[in-house]
Amino acid sequence: KMIKRLTKWGGGASQQDKVNTENSDRKVTARKVRKLNYKNGIASKKGFTSLPVFVLFFFAVLLYASILFFVVLPQNIQTPPQNKMAASALDCSGPCGENGDDNVTYTFDSSTGELTISGTGAMESALPELGGLFSGRYQDFPWISEYIKRVTIENGVTNIGDVIFEGCINLANITISDSVTSIGYAAFRDCSSLTSITIPDSVTSIGNYAFDCCSGLTSITITDSVTYIGDGAFNSCSGLTSITVASGNTKYDSRGDCNAIIETETDTLISGCNNTEIPATVTSIGDIAFSGCTGLTNITIPDSVTSISNYAFWDCINLTSITIPDSVTSIGEYAFACCSGLTSITIPDSVTSIGDDAFWDCINLTIIGSGDETKTPYLYAKENGINYASKASIKIDVTTNVPRDFVIYILD
């Protein structure tokens, strides 16, 4: 009021009075702004400018998640049994005889990766119905499959149990003593680092799928003592290039160095490989004979063959074409299933039976036949949505270096 009077009377206010008045006005304005902002949820009464509500909510959630992830969850996560075992009990030993007996025992040395089986009699099996496999799932066998690099079966042990070494992916060497007479079902399945194995003369039986999916296995020799080889014993051994059967074996042979196992009495080829040449005396290609031979690019089936059994060429993904001879009358279920590279197969009218899904997942396949719409090849192709082509032979006169006979395929 004094300043106003002085101004009204013409007197000038001092410089200090002007400064005080401006400061007072600013304080009033600031108080009004803070009050308004507080009312709108933007600032506090004390003048602290707070963050928007959604930002505060975000940080609260982030804090809660961090506590949950780094504090709560780790306390509730249980370490898998095999990891605990790997840390505290890699070196181990115990009984592994049939029915859990201690007549046969094992010892694992983690420093060398060697598992030694010793004692007298038969080993236990690790079939799923007995409680699962050994690697942390089958409590009677606490060794960890991935740590095993070498297996030694000592003299006195008579058989290798079912599924007992399945999944030993780093197993590269096996020594089997002359006391062993049988190798069980899937005993060495999926031992992908195994490149070769010597089967002693004492072994008489090799179970179904004994060496299934041993992709690193390149050669196998069957001794003259072996009298039984189960289905798929060497199934999906994709690297297998050499198979030899001892000449003294009376049950099986590999006649003519054909790189296959043939059942002598029935002339049935039961196991082949990437380098197999089917002899002209073979009458049947057995179940799973070439299954999983991913290195097989072509194969000639001789006209002595009358049947191709179930799954015979399953998953031969690099097989591009094949001709079935006129001697064949039947093709089994899934015989060429999953041969994804197969683009053409010639099937004669002599084939009167083709099993279900014989060419399942052969997405680029064309069946080539005589064109007779009453015959099995044509009917099967149409019923299963497979491309079909008929063929006609044409003879022409040509000069040298060109075949005088050739075939033209006419798409139906």
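# Briefing: strands, cores and pockets

β14 and β15 form a hairpin with four residues between them, and aspartate 267 in the turn has a positive phi of about 55°. The model is a predicted one. Its chain holds five helices and 24 strands, and 41% of the 412 residues are buried. Of the contacts between residues at least 6 apart in sequence, 30% join residues at least 24 apart.

**The hairpin and its sheet**

- In the β14–β15 hairpin, strand β14 (residues 261-263) runs antiparallel to β15 and is joined to β15 by three bridges.
- Within this pair, glutamate 263 is placed opposite threonine 268 in β15.
- β15 also pairs with strand β16 (residues 284-285), here in parallel and through two bridges.
- Leucine 269 faces isoleucine 285 of β16 across the pair.
- These strands belong to an open sheet of seven, ordered β13-β14-β15-β16-β17-β19-β21, with mixed pairing.
- The edges of the sheet are β13 (252-253) and β21 (353-354); each has a single partner strand, so one side of each is left without a neighbour in the sheet.

**Second largest pocket**

- The second largest pocket holds about 170 Å³ of space.
- Its lining consists of Tyr228, Ile229, Gly230, Asp231, Gly232, Lys251, Tyr252, Glu263, Thr268, Ile270, Gly286 and Asp287.
- The elements that contribute two or more residues to this lining are β11 (228-229) and β15 (268-271).
- Glu263 and Thr268, which stand opposite each other in the hairpin, are both among the lining residues.
- Sorted by class, the lining of the second largest pocket has four nonpolar, four polar and four charged residues.

**Largest pocket**

- The largest pocket contains about 210 Å³ of space.
- It is lined by 14 residues, and those nearest its centre are Phe359, Cys362, Asn384, Gly385 and Ile386.
- The classes in this lining are eight nonpolar, four polar and two charged residues.

**Cavity**

- Rolling a probe the size of a water molecule over the atoms shows where empty space is left.
- Across the whole structure, a search finds one cavity of 30 Å³ or more.
- The largest cavity has a volume of about 90 Å³.
- Its lining has 16 residues, of which Phe234, Asn235, Ser271, Ile288 and Ala289 are the closest to its centre.
- There are nine nonpolar, seven polar and no charged residues in the lining of the largest cavity.

**Nonpolar cores**

- The largest nonpolar core has 48 residues, and those with the most contacts inside it are Ile117, Ile160, Phe165, Phe188, Phe211, Ile222 and Phe234.
- Elements giving two or more residues to this core are β2, β3 (114-119), β5 (150-153), β6 (157-160), β7 (173-176), β10 (219-222) and β12 (242-245).
- Among the elements, β2 gives the most to this core, with three residues.
- A second, separate core of 41 residues includes Cys258, Ala335, Leu342 and Val351.
- Phe234 appears in two of these settings: it is among the residues with the most contacts inside the largest core, and it is among those closest to the centre of the largest cavity.

**Strands β20 and β22**

- Strand β20 (residues 344-346) runs parallel to β22, and three bridges join the two.
- Serine 344 stands opposite threonine 366 of β22.
- In a regular strand the side chains alternate between the two faces of the sheet.
- Strand β22 (residues 366-369) is covered on both faces, with Thr366 and Ile368 buried on one side and Ile367 and Gly369 buried on the other.

**Cysteine 96**

- Cysteine 96 is located in the loop between β1 (92-95) and β2 (104-109).
- This cysteine has a relative accessible area of 1%, so cysteine 96 is buried, the cut-off for buried being under 20%.
- Its C-alpha atom is separated by 5.9 Å from that of methionine 123, which is 27 residues away along the chain.

How values were computed
Residues numbered from 1 in each chain as written. Predicted model: local features only at pLDDT ≥ 70, side-chain atom pairs only at ≥ 80, totals over all residues. Heavy atoms only, no water. Buried < 20%, exposed > 50% of the residue type's maximum accessible area, 1.4 Å probe, protein only. 1 Å grid on protein atoms, 1.4 Å probe; cavity = no way out; pocket = protein on both sides within 12 Å on 5 of 7 lines; lining within 4 Å. Points joined across faces, edges and corners; volume = space filled by probe spheres on them. Nonpolar A, V, L, I, M, F, W, Y, C, P; charged D, E, K, R; others polar. Core = buried A, V, L, I, M, F, W, Y, C linked by side-chain atoms within 4.5 Å. Pairing = 2+ DSSP bridges. Contact = heavy atoms within 4.5 Å.
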